[in-house]
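Visitor: I would like to go through this structure term by term. Please set each label against its cut-off.

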Amino acid sequence: MAGKLVLEGKISIISLLLGLGVVIIPLIRTFAGHLDWVFDYLTGVRGKIAIAVYIAVINGFLLIIYKGPLYKVAVRACFLGFTFGCGLIISFSQTTWTHFGWYMCSLSFFHYSEYLVTAIINPRSLSLDSFLLNHSVEYTVAAVSSWVEFTIEKLTVPELKQLSWLSLVGLVMVLCGDFLRKSAMLTAGSNFNHIVQNEKAQSHVLVTDGVYAFFRHPSYVGWFYWSIGTQVMLCNPVCIAGYTMASWRFFRERIEEEELSLIHFFAEDYLEYKKKVGTGLPFISGIRINSS
């Protein structure tokens with residue numbers, strides 16, 4: 001498992017950096033000009049051609065050096081690095097799409113860090129699913145819906161997308177939410193798994209220290225506010241409401257399912273912990289003790 005962690009971790013980091021190398025394209029031309037033209041260049045014909053050639057070259061390189069499962073890891077990490085790089089370019093360009101650049105960076109960092117932290121804390125459970133890119137159909141629909149809403153409102157009510165103070169609030173929510181989630185994963189260590197466990201492993205222990213001293217489910221709290229924060233950042237009123245309701249319902253059901261297993265695993269120890277520490281999510285108390 002240590003070998004798997006080292007190999008796949010290195011591959012994902014190298015591939016991420018290769019994808020991130022897309023920022024070199026505008027930087028090369030920046031020496032002869034300034035940043036205000038970058039966004040127009042990259043969205044123009046020559047910029048699109050430059051990006052397409054870059055993607056083709058990097059993908060060909062990955063195909064040559066990695067095979068099978070390793071290539072699947074590499075291409076996903078490269079894609080996330082590429083997305084992060086494009087987000088950086090948009091964020092630092094003089095364009096009204098700046099906040100969407102922040103969103104691209106936030107989204108790609110979240111998914112890549114899910115894989116990398118899993119590789120560090122629990123390599124036994126590491127798989128392509130650890131990127132969470134194929135989390136669920138609902139997750140994909142929600143993401144696409146936010147892009148569609150942003151684009152439509154950008155074209156019809158552009159002033160709505162220039163509420164910089166609101167986007168900054170969203171950015172803070174995203175940063176704090178992701179930090180809390182990754183802190184929870186690192187604190188839980190090998191006890192953390194993206195899939196709710198129905199059978200107790202010998203290595204399973206009840207974690208109550210660190211961020212778990214404040215929230216029973218800190219990883220869910222972090223993800224909850226991260227997801228809503230992405231829509232606050234984009235100033236998407238419809239998706240803010242939709243993400244809040246959908247995320248709240250998902251985590252309510254997920255927590256109840258998980259706590260059934262935790263009560264089964266740790267019995268009175270978990271019940272005592274449950275009495276002292278809340279879930280951390282509004283109006284979600286978890287499974288009722290008298291129904292366990």
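Visitor: Are Lys 182 and Asp 178 buried or exposed?

Guide: Both Lys 182 and Asp 178 are buried. Bear in mind that this is a predicted model. The word buried is used for a relative accessible area under 20%.

Visitor: What makes Lys 182 and Asp 178 a salt bridge?

Guide: The side chains of Lys 182 and Asp 178 come to 2.5 Å, N to O. The cut-off is 4 Å between a side-chain nitrogen of Lys or Arg and a carboxyl oxygen of Asp or Glu, so the pair qualifies.

Visitor: Why are Lys 182 and Asp 178 said to be about one helical turn apart?

Guide: Because they sit four residues apart in helix 8.

Visitor: Which residue forms a salt bridge with Arg 181?

Guide: Glu 114 does, with the closest N and O atoms 2.7 Å apart. Arg 181 belongs to helix 8 and Glu 114 to helix 6, so the bridge ties together parts 67 residues apart in sequence. Arg 181 and Glu 114 are buried.

Visitor: Which residues are linked in a network of salt bridges?

Guide: Glu 114, Asp 178, Arg 181 and Lys 182. A search of the whole structure gives eight salt bridges. Another one of them joins the side chains of Lys 161 and Glu 153, at 2.6 Å from N to O. Lys 161 and Glu 153 are buried as well.

Visitor: Why are helix 6 and helix 8 called roughly parallel?

Guide: Helix 6 (residues 98–121) and helix 8 (residues 164–188) pack at an angle of about 5°. Angles under 35 degrees count as roughly parallel. Helix 6 and helix 8 therefore earn that label. Their axes are 11 Å apart.

Visitor: Which residues make the contact?

Guide: From helix 6, they include His 99, Trp 102, Phe 109, Phe 110, Glu 114 and Ile 121. From helix 8, they include Leu 168, Leu 171, Asp 178, Arg 181, Lys 182 and Met 185. The residues of this contact divide into ten nonpolar, six polar and four charged.

Visitor: On to the rings. How many aromatic pairs are there?

Guide: The whole structure holds 14 aromatic pairs. A pair of rings is described by the distance of the centres and the angle of the planes.

Visitor: Why is the pair of Tyr 220 and Phe 251 called tilted?

Guide: The ring centres of Tyr 220 and Phe 251 are 5.3 Å apart, and the planes stand at 35°. Pairing needs centres within 6.5 Å; stacked planes are under 30 degrees apart and edge-to-face planes over 60. An angle of 35° fits neither, so the pair of Tyr 220 and Phe 251 is tilted. The pair links distant parts of the chain: Tyr 220 lies in helix 9 (residues 218–233) and Phe 251 in helix 10 (residues 237–266), 31 residues apart.

Visitor: How do you know that Tyr 220 and Phe 251 are buried?

Guide: Tyr 220 has a relative accessible area of 7%. Phe 251 has 2%. The limit is 20%, so both are buried.

Visitor: What makes the pair of Phe 265 and Phe 266 edge-to-face?

Guide: Their planes stand at 85°, with the ring centres 6.1 Å apart. Over 60 degrees counts as edge-to-face, so that is the label. Phe 265 is buried at 12% relative accessibility, and Phe 266 is buried with a relative accessible area of 12%.

Visitor: Which residues do ring pairs link into a cluster?

Guide: Phe 110, Tyr 220, Trp 223, Phe 224, Tyr 225, Trp 226, Phe 250 and Phe 251.

Visitor: Why is Ala 267 called partly exposed?

Guide: Ala 267 has a relative accessible area of 39%. Buried ends at 20% and exposed starts over 50%, so Ala 267 falls in between. Its place is the loop between helix 10 and helix 11 (268–276).

Visitor: What is the phi of Ala 267?

Guide: Phi of Ala 267 is positive, about 50°, although the residue is not a glycine. Most residues other than glycine have a negative phi. Leu 132 also has a positive phi, near 60°. Leu 132 is in the loop between helix 6 and helix 7 (137–156). Leu 132 is buried, at a relative accessible area of 6%.

Methods. Residues numbered from 1 in each chain as written. Predicted model: local features only at pLDDT ≥ 70, side-chain atom pairs only at ≥ 80, totals over all residues. Heavy atoms only, no water. Axes fitted to C-alpha atoms, helices over the stretch in contact; angles between N-to-C directions. Helix = DSSP H or I, 4+ residues; strand = E, 2+ residues; numbered from the N terminus. Parallel < 35°, antiparallel > 145°, perpendicular 65-115°, else oblique. Contact = heavy atoms within 4.5 Å. Nonpolar A, V, L, I, M, F, W, Y, C, P; charged D, E, K, R; others polar. Phe/Tyr/Trp six-rings, centres within 6.5 Å; stacked < 30°, edge-to-face > 60°. Buried < 20%, exposed > 50% of the residue type's maximum accessible area, 1.4 Å probe, protein only.
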